[in-house]
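Before reading the notes that follow, please take a moment to look over the sequence and turn the structure around. The briefing begins with the whole chain and then moves on to its parts, topic by topic.

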Amino acid sequence: LPLALVFPAESILVHLQLNTLYQFWIHSEFCGRLGWLEYLVNTPFHHRVHHRPPGNCNYAGVLIVWDRLFKTYITETERLDHYGLAEPVRSFNVWELNLQHWRKMAGSSRSSRGFGTGLWQLIRTSLVPRAHHALRFSPQALLDPFEPMKTGSSWALPKEATGKYQGADLTLLGKTAALSVFLGSFLCLQRAERKNVELMQLCCNV
């Protein structure tokens with residue numbers, strides 16, 4: 001948020017989108033070690049450790065140098081895949097999708113604690129840090145070699161892969177509704193894009 005006071009909002013939005021796109025390939029299960037690239041950028045080799053419980057390490061989005069500089073980096077020494085949500089959201093309800101994590105932070109389900117207790121729990125969990133990292137800065141850590149694998153290979157898929165969520169169990173009506181929402185959103189974006197082009201042409205003519 002402080003960056004918004006200095007950098008244009010357009011630049012921040014583009015950066016966020018590019019960062020999100022980069023996350024696609026680092027969640028691959030079919031990639032092991034990538035040599036010298038691992039000293040610069042985030043790779044599946046690094047990111048698997050971030051997903052491994054408790055996951056308080058390897059926070060990088062694109063550049064792994066920040067974790068190595070500030071000593072929040074941990075090397076993968078055993079291939080374990082923990083991608084995916086700990087508890088999948090088996091719903092397409094827009095309110096549930098956007099608010100379920102806040103509800104979990106409040107420690108309340110639909111039928112449990114009162115509003116006051118849940119609100120206090122939400123405030124407390126929002127302010128108390130999940131993990132404590134001592135403030136350290138170590139430029140020489142950028143050149144430190146990675147710890148060797150203790151068992152197996154980074155390229156070998158684990159024998160017991162974590163169960164993956166295959167999506168909500170929808171009826172035919174639910175699937176039709178989901179597809180309709182997707183296609184409707186796509187058409188709205190196309191119309192909005194055409195209107196923006198027409199508006200830009202009108203401004204240029206003026």
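Helices and strands are here runs assigned by DSSP, with at least four residues for a helix and at least two for a strand, and they are numbered from the N terminus. With this naming, Asn58 can be placed in the loop between α2 and α3. The model is a predicted one, and the chain in it has 6 helices and 0 strands.

**The chain as a whole**

- Followed along the sequence, the pattern of the chain reads α-α-α-α-α-α, which fits the count of 6 helices and 0 strands.
- The chain has 206 residues, and 23% of these count as buried.
- Among the contacts in the chain with a separation of 6 or more, 62% come from residues that are 24 or more positions apart.
- About 15,800 Å² of the chain is exposed, and carbon and sulfur atoms supply 67% of that area.

**Helices α1 and α4**

- Helix α1 covers residues 9-22, which makes 14 residues, and from its first C-alpha to its last it reaches 20 Å, close to the 20 Å expected at 1.5 Å a residue.
- This helix, α1, is hardly covered, for the count of buried residues among its 14 residues is 1.
- In helix α4, the buried residues include Glu96, Gln100 and Met105.
- Gln100, which lies in helix α4, has a relative accessible area of 13% and is therefore buried.
- When neighbours within four places in sequence are left aside, Gln100 is in contact with Val89 and Trp95.
- Just after α4 comes Gly107, which takes a positive phi of about 70 degrees.

**The nonpolar core and a surface patch**

- The largest nonpolar core has 5 residues, namely Phe45, Ala60, Ile64, Tyr73 and Phe146.
- Phe45, one of the residues of this core, is in contact with Gly32, Arg33, Glu38, Tyr73, Thr75, Glu76, Phe146 and Ser154, once its neighbours within four places in sequence are left aside.
- On the surface, Val62, Leu63, Trp66, Phe70, Leu135 and Phe137 make a nonpolar patch of about 640 Å².
- Val62, which belongs to this patch, has its place in the loop between α2 (44-51) and α3 (65-69).
- Because its relative accessibility is 30%, Val62 counts as partly exposed.

**Salt bridges**

- Side chains of opposite charge can pair when their charged atoms come close.
- How many salt bridges does the count come to? The count comes to 2 salt bridges.
- One of them joins the side chains of Arg33 and Glu38, with a distance of 2.9 Å from N to O.
- Arg33 has 29% relative accessibility and so counts as partly exposed, whereas Glu38, with a relative accessible area of 1%, is buried.
- Arg48 forms a salt bridge with Glu76, and the closest N and O atoms of this pair are 2.7 Å apart.
- The pair links distant parts of the chain, since Arg48 is in helix α2 and Glu76 is in the loop between α3 and α4, 28 residues apart.
- Are Arg48 and Glu76 buried or exposed? Arg48 is buried because its relative accessible area is 0%, and Glu76 is buried with a relative accessible area of 0%.
- Glu29, in the loop between α1 and α2, is 19 residues from Arg48 in sequence, and the two are 9.0 Å apart in space from C-alpha to C-alpha.
- With 22% relative accessibility, Glu29 counts as partly exposed.

**Positive phi values outside glycine**

- Most residues other than glycine have a negative phi.
- Asn58 is not a glycine, yet its phi is a positive value near 50 degrees.
- Buried means under 20% relative accessible area, and Asn58, at 0% relative accessibility, therefore counts as buried.
- Lys71 is another residue other than glycine with a positive phi, here near 60 degrees, and Lys71 lies in the loop between α3 and α4 (94-105).
- Lys71 has a relative accessible area of 34%, so this residue is partly exposed.

Methods. Residues numbered from 1 in each chain as written. Predicted model: local features only at pLDDT ≥ 70, side-chain atom pairs only at ≥ 80, totals over all residues. Heavy atoms only, no water. Expected span 1.5 Å × (residues − 1). Buried < 20%, exposed > 50% of the residue type's maximum accessible area, 1.4 Å probe, protein only. Core = buried A, V, L, I, M, F, W, Y, C linked by side-chain atoms within 4.5 Å. Contact = heavy atoms within 4.5 Å. Patch = residues over 30% accessible without salt bridge, like charges linked within 9 Å, V, L, I, M, F, W, Y side chains within 5 Å. Areas by Shrake-Rupley, 256 points an atom, 1.4 Å probe, with all protein chains shown as cover. Salt bridge = Lys/Arg side-chain N within 4 Å of Asp/Glu carboxyl O.
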